[in-house]
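Colleague: I am new to this structure and should be grateful for guidance on reading its pockets and its ligand site. May we take the features in turn?

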Amino acid sequence: MPTPHNSASKGDIAKTVIMPGDPLRAKFIAENYLESPVCYNEVRGMFGYTGTYKGVRISVQGSGMGMPSMGIYSWELFNEYDVKNIIRTGTAGAISDGVNLRDVIIAMSASTNSAYASQYALPGTYAPTASWEILSKAVEVAEKKNITCHVGNILSSDTFYDDADSLSQWQKMGVLGIEMETAALYMNAARSGKNALCILTVSDCPLRNLSTSAKERQTSFRDMMEIALDTAANI
Ligand code: HPA
């Protein structure tokens, strides 16, 4: 059954979905990495495609920016379309000193300043965590490809333009980088009994005032996509 946000029918979407934030990135991935991609959604321009990669059926769909958008699309994929695994591929700002432009981060956990978890009425603070099954496979794939990655905690923030200088506080806690979607994805996966992982490429260093051009991002984008696709084909 289509949802208000996705015109796909059940069965149109593979059991593993790769989710970049940008729907045009999803289109690019489908057209450049998948065999015989078929577009299953165009509602709100949030393109979704299903095709095959190394003989395995895989889908790729945009998530949009921020936890509310990721929250909607990933919840529907897990609960309306029987999706089992979601691998987010996105960009992040570096927080930790050891993380540099174009590095790849695999998010073992996602701290957050969002109130997303309040819906669960938990009597404490929830720790949004990646699925070990996908995380361990992704690290194995990266090692085989000789791609160095940082594996650890990231920050999923509700704000891109933040009035306060809070990043140095997160830095003291060893947080690797900042983005805006993963905590919601990990919480939806946990609540739905499904699996999720987030792989990021560092596009900027907000504490050092550095950023990459779109062109410079291509190589690290390729590294991240190859990890995501080969992980998706092996879970
Ligand atoms: N902040 C939040 N999200 C981001 C950033 C950032 O600096 N870079 C890429 N995604």
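Colleague: What volume does the second largest pocket have?

Modeller: Please note at the outset that this is a predicted model. The volume of the second largest pocket is about 210 Å³.

Colleague: Which residues should I look for there, nearest the centre of the second largest pocket?

Modeller: A pocket is read through the residues that line it. Here the lining comprises 16 residues, and those nearest the centre are Thr112, Thr125, Tyr126, Ala127 and Pro128. Strand E6, residues 104–112, contributes the largest share of this lining, namely four residues. By character, eight of the lining residues are nonpolar, eight are polar and none is charged.

Colleague: How many residues line the largest pocket, and which lie nearest its centre?

Modeller: There are 36 lining residues, with Thr91, Ala92, Phe160, Ser203 and Asp204 nearest the centre. The volume of the largest pocket is about 930 Å³.

Colleague: Which elements each supply at least two residues of that lining?

Modeller: They are E5, E8, E9 and helix H6 (217–232). E5 gives the most, with six residues. The lining of the largest pocket divides into 14 nonpolar, 13 polar and nine charged residues.

Colleague: Where does the ligand sit?

Modeller: The ligand is placed in the largest pocket. To read such a site, one turns next to the shell of residues around the molecule. In this model the shell consists of Thr91, Ala92, Gly93, Phe160, Ile178, Glu179, Met180, Ser203, Asp204 and Pro206. Five of these are nonpolar, three are polar and two are charged.

Colleague: How much of the ligand's accessible area does the protein cover?

Modeller: On its own the ligand has 260 Å² of accessible area, and the protein covers 89% of it.

Colleague: Which elements give two or more residues to the shell around the ligand?

Modeller: Strand E5 (85–94), strand E8 (177–179) and strand E9 (195–205) do so. The largest share, three residues, comes from E5.

Colleague: Which atom of Asp204 lies 2.8 Å from a nitrogen atom of the ligand?

Modeller: A polar contact is read from a pair of N or O atoms within 3.5 Å. For Asp204, a polar side-chain atom is found 2.8 Å from a ligand nitrogen. Gly93 instead presents a backbone N or O atom, which lies 3.2 Å from a nitrogen atom of the ligand.

Key: Residues are numbered from 1 along each chain as its sequence is written. This is a predicted model: local features need pLDDT of at least 70, side-chain atom pairs count only at pLDDT 80 or more; totals for chains, interfaces and linings use all residues. Side-chain values use heavy atoms; hydrogens and water are left out. A residue is near a molecule or strand if one of its heavy atoms lies within 4 Å of it. A polar contact is a pair of N or O atoms within 3.5 Å; within protein, one must be able to donate a hydrogen and the other to accept it, and residues adjacent in sequence count only if both atoms are side-chain atoms. Accessible areas come from the Shrake-Rupley method with a 1.4 Å probe; for residues, only the protein chains shown count as cover. On a 1 Å grid over the protein atoms alone, a cavity is a set of points where a 1.4 Å probe fits but cannot get out, and a pocket is an open set with protein on both sides within 12 Å along at least five of seven lines; lining residues have an atom within 4 Å of a point. A molecule sits in a cavity or pocket if more than half of its atoms lie within 2 Å of its grid points. Ala, Val, Leu, Ile, Met, Phe, Trp, Tyr, Cys and Pro count as nonpolar, Asp, Glu, Lys and Arg as charged, and the others, Gly among them, as polar. Grid points are joined across faces, edges and corners, and a volume is the space filled by probe spheres set on the points.
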